Amino acid sequence: MLFRRRTRRTIADLDKFFEIADQSLLVFEEGVKSYLYHDEGRFLSSLKSITTLDEDSNNLRRQIETSIYSQPAMSGLSGDILKLLERLNNIIYTLSNDMFQFEVEKPYIPVELRTDYLKLLELSVKAASYAIPAARAIFRSADEVQDTVHRVYFYQREANRQSKELKRKVFQEMENLKLSEKFHLRYFALHIEDLSSAAMKMADHLSIMSVRRY
């Protein structure tokens, strides 16, 4: 009975962890949009929110890890679940860190590049947003995992393509910018693209988990 209660609590904590990741994506997307449209108030509010979510995820991750280690019934899955938590936590950290870099370095993004950055943001967020339901599905159905994971890979490829197009535009078409400004724009394109790369790594792990479990 005690083990069953602990298992239910662990599953509830995992669901909460997924919710934090999902909320972090929404806050990140809103925050970057606010930055691009020069809404400093909303940007700083998003930065504060995502910092809190990052702290909450770290605390909850440690709580889940402790719970898993104390449950013999979950020992066969502990390695995979802990790795999954690590991948998901890395997504949340990437979101928080990228927002922090925007606040610290304050990159100048020309208005004519706003649409390009918004498109990159949309694609990267979509890649990560599909990784979360895929993680939830790992406890239900391997088929459902695979059906969702392929969307992560699709949007990661599209984000990579968009990032390359943006950087090509910056370096080959925007002659009015200094080289240092171009490097800065490339750097922040990579920051946003990092989210899709983190989602892809999580998708890779989920694919392996689904094969092992089923």
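## Salt bridges, a buried aspartate and a surface patch

At 19% relative accessibility, Glu-29 counts as buried, because the cut-off for buried is under 20%. The model is predicted. Glu-29 is paired with Lys-33 in a salt bridge, and their closest N and O atoms are 3.8 Å apart. Lys-33 is partly exposed, at 34% relative accessibility. Both residues sit in helix H1, four residues apart, so about one helical turn separates them.

**Salt bridges**

The structure holds ten salt bridges. Three of them are set out here, among them the Lys-33 pair.

| Salt bridge | Closest N and O atoms |
|---|---|
| Lys-33 with Glu-29 | 3.8 Å |
| Lys-126 with Glu-122 | 3.6 Å |
| Arg-161 with Glu-165 | 2.8 Å |

Take Lys-126 and Glu-122. They are four residues apart in helix H4, which covers residues 114–137, so about one helical turn lies between them. Lys-126 is partly exposed, with 30% relative accessibility. Glu-122 is partly exposed, with a relative accessible area of 30%. This pair belongs to a network of salt bridges that links Lys-119, Glu-122 and Lys-126.

Next, Arg-161 and Glu-165. Their helix is H5, residues 142–173. Four residues separate them in sequence, so the spacing is about one helical turn. Arg-161 is partly exposed at 33% relative accessible area. Glu-165 is also partly exposed, at 36%.

**Asp-13 and helix H2**

Asp-13 lies in helix H1, which runs over residues 2–36. Is Asp-13 buried or exposed? Asp-13 is buried, with a relative accessible area of 11%. The side chain of Asp-13 makes a polar contact of 3.0 Å with the side chain of Gln-63. Setting aside neighbours within four places in sequence, Asp-13 is in contact with Leu-60, Gln-63 and Ile-64. Of these contacts, Leu-60 and Ile-64 are listed among the buried residues of H2.

Helix H2 spans residues 40–69 and has 30 residues. From first C-alpha to last, H2 reaches 43 Å. That is close to the 44 Å expected at 1.5 Å a residue. The buried positions in H2 include nonpolar side chains such as Phe-43, Leu-47, Ile-50, Leu-53 and Ile-68. Polar and charged residues are buried there too, including Ser-46, Asp-54, Ser-57, Glu-65 and Ser-67.

**Loops with positive phi**

Which residue lies in the loop between H1 and H2 and has a positive phi? That residue is His-38. The phi of His-38 is about 60 degrees, although His-38 is not a glycine. His-38 is exposed, with a relative accessible area of 59%.

Lys-106 also has a positive phi, of about 45 degrees, and is not a glycine. Lys-106 lies in the loop between helix H3, residues 78–105, and H4.

**A nonpolar surface patch**

Phe-171, Leu-179 and Phe-183 make a nonpolar surface patch of about 270 Å². Phe-183 lies in helix H6, which covers residues 179–213. Phe-183 is partly exposed, with a relative accessible area of 38%. Phe-183 can count toward the patch because 38% is over the 30% cut-off for patch residues.

How values were computed
Residues are numbered from 1 along each chain as its sequence is written. This is a predicted model: local features need pLDDT of at least 70, side-chain atom pairs count only at pLDDT 80 or more; totals for chains, interfaces and linings use all residues. Side-chain values use heavy atoms; hydrogens and water are left out. Patches are made of residues with over 30% relative accessible area and no salt bridge: like charges are joined within 9 Å, nonpolar side chains (Val, Leu, Ile, Met, Phe, Trp, Tyr) within 5 Å. Accessible areas come from the Shrake-Rupley method with a 1.4 Å probe; for residues, only the protein chains shown count as cover. A salt bridge is a side-chain nitrogen of Lys or Arg within 4 Å of a carboxyl oxygen of Asp or Glu. Helices (H or I, at least four residues) and strands (E, at least two) are DSSP runs, numbered from the N terminus. Buried means under 20% relative accessible area, exposed over 50%, partly exposed in between (1.4 Å probe, protein chains only). A polar contact is a pair of N or O atoms within 3.5 Å; within protein, one must be able to donate a hydrogen and the other to accept it, and residues adjacent in sequence count only if both atoms are side-chain atoms. Contact means heavy atoms within 4.5 Å. The expected span of a helix is 1.5 Å times one less than its number of residues.
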